[in-house]
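Here's a small set of exercises to help you find your way around a new structure. Have a go at each task before you read its solution.

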Amino acid sequence: MASILDGHPGSPAPPAAVPASHNAVLARLDHTTRERLLPHLSAVPLKFGERLAAAEQPLTYAYFPERGAVSLVANLSDGNTLEVGMIGSEGVVGANAVLGIDWMPCSVIVQVPGLALAIRIHVLQQEAARSRPLHDVLSHHVQLELASAMQTAVCNNFHPVESRCARWLLQMHDMVGSHLEVSQEFLAQMLGVRRPTVTLLLGSFERAGVVACGRRRIEILDRRHLEEIVCECYAALKQSQHRLEV
Ligand SMILES: [Zn+2]
């Protein structure tokens, strides 16, 4: 089998043995499908800031995150960015392979370091054509990404940055827990606001005992407070997840 690191610049370590999967998608597959996928999966590190895919460029691999989280990011020609979705161990990057598409409409950036199981896109496409359970779960994720992007568009247009930031922190808390290895600069890029706005916002959160911030670190101390100020989008996104059982 070709190394998963072929064509994966910036990942010098050799591929590790495939560990027992913590990815919800892989865990939910039937035994036969899972056994057929396993020989094609290789463990790759997810490094902070690493670009797993560039917008509209061929995607060589799909990724099933085991730990950590990635952002789906829209880029503008003026350098501005906006997060339009996030994927953790509940999901998969490259689910649109099931549609016969081997590219993403946005960039995919690692926002929380971790580990993923990677599989060549064309292999995933072949297996999805053979396995109805795999086809269905990938289709559900395509729908979830669409729902997430729609909700994010609504959120960015109508809701204040404090509520949007609370949504982001709650989503991250659900994915990776209380300790977030992210910088304020990165958070500003994800929210589509200027860095000073995030600095002021996190400062007010810190004074209220909601978070504690360090260099490239945000610790969530009071989730309940975030739940009190978050906009309706958080519940809507969770509802979409439950409806699609992902
Ligand atoms: Zn919102």
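## Exercise 1: Getting the overall picture

Nine helices and eight strands make up the secondary structure of the protein chain. Keep in mind that the model is predicted.

**Task.** Work out how compact the protein chain is for its length.

**Solution.** Start with the radius of gyration, which is 18 Å. Next, see what the globule rule gives for 246 residues: also 18 Å. The two are close, so the chain is as compact as a globular protein of that length. For the dimensions, the C-alpha trace spans about 50 × 40 × 35 Å along its principal axes. Now look inside: buried residues account for 40% of the 246. Finally, take the contacts between residues at least 6 apart in sequence; 76% of them join residues at least 24 apart.

## Exercise 2: Following helix α4

**Task.** Compare the reach of α4 with its expected span, then find which of its residues are buried and what covers them.

**Solution.** Count first: α4 has 27 residues. From first C-alpha to last, α4 reaches 39 Å, close to the 39 Å expected at 1.5 Å a residue. Then check burial, where the cut-off is 20 or more other C-beta atoms within 10 Å. Residues of α4 that pass include Leu 134, Val 137, Leu 138, His 140, His 141 and Glu 145. Further along α4, Gln 151, Thr 152 and Cys 155 are buried too. As for the cover, it includes the helices α1, α2, α3, α5 and α9, along with strand β4.

## Exercise 3: Pairing α4 with α9

**Task.** Decide how α4 and α9 are oriented, and describe their contact.

**Solution.** Take the angle first: α4 (residues 132-158) and α9 (residues 232-243) pack at about 170°, with their axes 10 Å apart. An angle over 145 degrees counts as roughly antiparallel, so that's how α4 and α9 lie to each other. Now list who meets whom. α4 brings Leu 144, Ala 147, Ser 148, Gln 151, Val 154 and Cys 155, while α9 brings Cys 233, Ala 236, Leu 237, Ser 240 and Gln 241. Sorted by class, this contact has seven nonpolar, four polar and no charged residues.

Just past this helix pair, have a look at Leu 244, found in the segment after α9. Leu 244 touches His 140, Gln 143 and Leu 144, leaving aside residues up to four places away in sequence. The C-alpha atoms of Leu 244 and Gln 143 are 8.3 Å apart, although 101 residues separate the two along the chain. With 16 C-beta neighbours inside 10 Å, Leu 244 counts as partly exposed.

## Exercise 4: Spotting unusual phi angles

**Task.** Find where Glu 56 and Arg 216 sit, and say what stands out about phi in each.

**Solution.** Begin with the background: most residues other than glycine have a negative phi. Glu 56, which is not a glycine, has a positive phi of about 65°. Glu 56 sits in the loop between β2 and β3, and it counts as exposed because it has 11 C-beta neighbours inside 10 Å. Arg 216 also has a positive phi, near 50°. Its place is in the loop between β7 and β8. Arg 216 has 13 other C-beta atoms within 10 Å, so it is partly exposed.

Notes
Residues numbered from 1 in each chain as written. Predicted model: local features only at pLDDT ≥ 70, side-chain atom pairs only at ≥ 80, totals over all residues. Axes fitted to C-alpha atoms, helices over the stretch in contact; angles between N-to-C directions. Helix = DSSP H or I, 4+ residues; strand = E, 2+ residues; numbered from the N terminus. Parallel < 35°, antiparallel > 145°, perpendicular 65-115°, else oblique. Contact = placed C-beta atoms within 7 Å. Nonpolar A, V, L, I, M, F, W, Y, C, P; charged D, E, K, R; others polar. Rg over C-alpha atoms; globule rule 2.2 N^0.38 Å. Buried ≥ 20, exposed ≤ 12 C-beta atoms within 10 Å, placed from the backbone. Expected span 1.5 Å × (residues − 1).
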